[in-house]
Amino acid sequence: MGASTYEYRGLEKEITPPEGRLGVLLPGMGAVSSTLIAGVHLVSAGLAHPLGSVTQMARIRLGKRDNPSYPLIREFVPLADLKDLVFGGWDIFPDNCYQSALTCGVIDKTTLQAVKEDLEAIKPWPAVFDHSFVKKLSGPNVKQAASKMELAEQVMRDIEDFKRRKGLDRLVMCWCGSTEAYQDVNTHPAFQTIESLEDALKENAAVIPPSMIYAYAAISMGIPYANGSPNLSADVPALVALAAQNRVPIAGKDFKTGQTLIKTIIAPGLKARMLGLSGWFSSNILGNRDGEVLDDPQSFRSKEVTKGSVLDSILQGDLYPELYGDFYHKIRIEYYPPRGDAKEGWDNIDIRGWLDQPMQLKIDFLCRDSILAAPVALDVILFLDLARRAGMSGIQEWLSFYFKSPMCRPDLTPVNDLFAQDKKLRNTLRIIRGEEVIDHSGLDYYEDAD
Ligand SMILES: NC(=O)c1ccc[n+]([C@@H]2O[C@H](COP(=O)([O-])OP(=O)(O)OC[C@H]3O[C@@H](n4cnc5c(N)ncnc54)[C@H](O)[C@@H]3O)[C@@H](O)[C@H]2O)c1
């Protein structure tokens, strides 16, 4: 066995098999959720292929290149079967999942017919909602309570009822609700310890957003929690501590789907070739409800922050001042209703080569926002369930692959390079199954190792 694997010995996990039904709890039942749920039912019925999903489509190389094997990831690690997923969720609008899928308009009506009954049966529970965090929306399906702690307790009761009624064995929660207003407050005293957060919930502190109330409810109940939006949600010391205390895996923030996905594919290539960057202008038009919410400057600010830090951490301007010390990075998101979910993202990238000579790169990505997001949500849900059964807890940095602003230990720099994230994910799977890590050096094929 090579020296590189030595330090990973002992990290192999005993993984409980995924027996029984997995409840998937979705705060927010809009475009991403309804596309995810419809897709899982269509794929389970053999009516569609789960493209874009690593857990369903990808294979993983094991062993050396002169004698490799390539099992499917879902056979290499024991993942829940799609047929065992049972969905439930909350929304401020009372529409069932079929109505919501029609309103969002991501999947056409003819295709949806095949799973209409399954979707109609999913009706959102009343939401924990605070208009001050999502200024562009208001809806009638909302919980009332004397304090935010009581709201959290109501969410816990919804979860317990759902678990009992559906005979569920395990649960995972994944926030697919709207982007909340930006708050630069993770250093706020209320968020520093479990006790301070619980006191603040009881005292109804205005600083606590709804997404944090759901996260608190899930983590308190030992349920893995993922955050698909840029919201603060579980990304505060108090909830990271609660996750560690309750042995709960957590991951976030903000699904990496359209433009940021492309950014984290292109930027590592430019850097690998030591091409300089003068400016990167990213502009988007989208017309779904997410776009409408982001039309509010405070919600947009949350998005801008998760999207913005990606280039800095990949390009490391402090280490390469001549190349990346002073590039101009601008991000625009424009709400444009005619486009619905069919987003268009333009990137103009001004780069510099040999002798500082300028060049340009233009990318026009005509993408389908929720078509890209649904498989990401599915993978995160299945991997968090795996992590829980493998006894892994706290921040799951190996799931960085899926997020615009990956959560990691506060003293570490997040990894945003998609290819580094891919290796991190695959090597983590190899490690927990006791397989050799693959570092791609390849020197051992040509030189005798000691
Ligand atoms: N669509 C994508 O490709 C994509 C990519 C990355 C991140 N995201 C993020 O995922 C989230 C969902 O995106 P979407 O496109 O499904 O948006 P959407 O507007 O279609 O759906 C969000 C739903 O959440 C509901 N909601 C808002 N606040 C709520 C609360 N407190 N409790 C329960 N429900 C609540 C809204 O009523 C809405 O139905 C957004 O935060 C978005 O920024 C989406």
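**Notebook: strands, helices and domains**

I began with strand S7 (residues 276-286), which pairs with S8 in the parallel sense over 8 bridges; I take strands (E, at least two residues) and helices (H or I, at least four residues) as DSSP runs numbered from the N terminus, and I call two strands paired if DSSP finds at least two bridges between them. I noted for myself that this is a predicted model, in which local features need pLDDT of at least 70 and side-chain atom pairs count only at pLDDT 80 or more, while totals for chains, interfaces and linings use all residues. Residues are numbered from 1 along each chain as its sequence is written.

**Sheet of 4 strands**

I looked up individual partners along S7 and found that Arg332 in S8 is the bridge partner of Ser283, and that Tyr335 in S8 is the bridge partner of Leu286. Turning to S9, I found that S7 pairs with S9 in the antiparallel sense over 9 bridges, with Asp347 of S9 as the bridge partner of Ser282.

I then put these pairs into the whole sheet, which is open, has 4 strands in the order S8-S7-S9-S10 and shows mixed pairing. Strand S8 (328-335) and strand S10 (357-366) stand at its edges with a single partner strand each, so one side of each has no neighbour in the sheet. I also noted that neighbouring strands of this sheet are turned against each other by 10° on average, direction ignored. Helix H12 (residues 259-272) packs on the sheet and touches S7, strand S9 (344-353) and S10, its direction making about 15° with that of S9. For contacts I use C-beta atoms, placed from the backbone, that lie within 7 Å; for angles I use lines fitted to C-alpha atoms, for helices over the stretch in contact, with values from 0 to 180 degrees between N-to-C directions.

**Sheet of 7 strands**

I next followed the open sheet of 7 strands, whose order is S3-S2-S1-S4-S5-S6-S11 and whose pairing is parallel. Here strand S3 (125-126) and strand S11 (394-395) are the edge strands, each with a single partner strand, so one side of each is left without a neighbour in the sheet. At the S11 end I found strand S6 (residues 249-251) paired with S11 in the parallel sense over 2 bridges, with Pro249 standing opposite Gly394 in S11.

**Backbone on either side of S6**

I checked the loops around S6 and found Arg247 in the loop between H11 and S6, where Arg247 has a positive phi of about 55° although it is not a glycine. In the loop between S6 and H12 I found Lys253, and the peptide bond from Gly252 to Lys253 is cis, with omega near -10°. I keep in mind that most residues other than glycine have a negative phi, and most peptide bonds are trans.

**Helix pairs**

I looked up helix H2 (residues 31-44) and helix H16 (residues 369-389), which pack at an angle of about 65° with their axes 8 Å apart. The two are therefore roughly perpendicular (65 to 115 degrees, against under 35 for roughly parallel, over 145 for roughly antiparallel and oblique for the rest). Their crossing is right-handed, meaning that the near helix is turned clockwise from the far one, by less than a right angle, whereas anticlockwise would be left-handed. On the H2 side I listed Ala31, Val32, Thr35, Leu36, Gly39 and Val40, which meet residues of H16 including Asp369, Ile371 and Leu378. The contact residues divide into 9 nonpolar, 3 polar and 1 charged, where Ala, Val, Leu, Ile, Met, Phe, Trp, Tyr, Cys and Pro count as nonpolar, Asp, Glu, Lys and Arg as charged, and the others, Gly among them, as polar.

For helix H10 (residues 210-220) and helix H11 (residues 237-245) I found axes that come within 9 Å and cross at roughly 15°, which makes H10 roughly parallel to H11. This crossing is left-handed, and Ala215, Tyr216, Ile219 and Ser220 of H10 make the contact with Leu239, Leu242 and Ala243 of H11.

**Domains**

Lastly I noted the division into domain 1 (3-255 + 371-432) and domain 2 (259-366), with bounds from an automatic or database domain assignment. The centres of domain 1 and domain 2, taken over C-alpha atoms, are separated by 26 Å, and the contact takes 26 residues from domain 1 and 26 residues from domain 2.

Methods:
Two residues are in contact if their C-beta atoms, placed from the backbone, lie within 7 Å.
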